[in-house]
Amino acid sequence: INDIRSYLMAKWDDRVQIDRRKWELVVGDVFASIGFKTRVTGYSKDGGIDVILDGPNGKTIGVQVRHSKNRIQVEPVRALSGALMEHGHYAGIFVTTSDFTAGARD
């Protein structure tokens with residue numbers, strides 16, 4: 001994971017070439033490095049949550065990791081909102097290798 005993090009820092013434009021599962025592990029590692037206790041979920045059938053962060057007072061934060069060349073539309077952001085409610089997470093974070101459309105940002 002450290003090698004992938006170093007590679008990403010040096011060659012950010014190559015980020016979409018990294019395996020999707022490894023990208024989820026890197027995201028979990030980055031959150032761990034800033035003090036969160038992290039759990040990377042199973043690769044498939046994860047219910048739309050790729051990483052779970054343990055927050056204050058036993059509350060959890062769900063993280064959706066999207067590996068894409070294309071800008072993120074509003075639908076995946078809405079799906080994250082639903083997944084957060086379904087799994088009882090306190091808050092959510094959407095991480096992508098791309099950017100968001102104006103509708104998704106709103």
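Which strands does helix H2 lie across, and at about what angle does H2 run to E1?

## Helices on the sheet

In this predicted model, H2 lies across E1, E2, E3 and E4, and its direction makes about 170 degrees with that of E1. Helix H3, formed by residues 74-87, also packs on the sheet. H3 touches E3 and E4, and runs at about 145 degrees to E4.

## Sheet architecture

The sheet is open and consists of 4 strands with mixed pairing, ordered E1-E2-E3-E4. Strand E1 (37-40) and strand E4 (91-96) are the edge strands, each of which pairs on one side only. On average, and with direction ignored, neighbouring strands are turned by 25 degrees against each other.

E3 and E4 run parallel and are joined by 6 bridges. Ile 61 stands opposite Ala 91 in E4.

## Nonpolar cores

The largest nonpolar core comprises 12 residues, among them Leu 8, Ile 18, Trp 23, Phe 31, Val 51, Ile 61 and Val 95. Helix H2 (20-33), strand E2 (51-54) and strand E3 (60-66) are the elements that each supply two or more residues to this core. The greatest contribution comes from H2, with 4 residues. In soluble globular proteins, nonpolar side chains tend to be buried together.

Val 51 belongs to this core. Beyond its neighbours within four places in sequence, Val 51 is in contact with Glu 24, Gly 28, Thr 38, Arg 39, Val 40, Thr 41, Ile 61, Gly 62, Val 63 and Val 65. A second core, separate from the largest one, contains 9 residues, including Ile 52, Ala 83, Phe 94 and Ala 104.

Terms used. Residues numbered from 1 in each chain as written. Predicted model: local features only at pLDDT ≥ 70, side-chain atom pairs only at ≥ 80, totals over all residues. Heavy atoms only, no water. Core = buried A, V, L, I, M, F, W, Y, C linked by side-chain atoms within 4.5 Å. Buried < 20%, exposed > 50% of the residue type's maximum accessible area, 1.4 Å probe, protein only. Contact = heavy atoms within 4.5 Å. Pairing = 2+ DSSP bridges. Axes fitted to C-alpha atoms, helices over the stretch in contact; angles between N-to-C directions.
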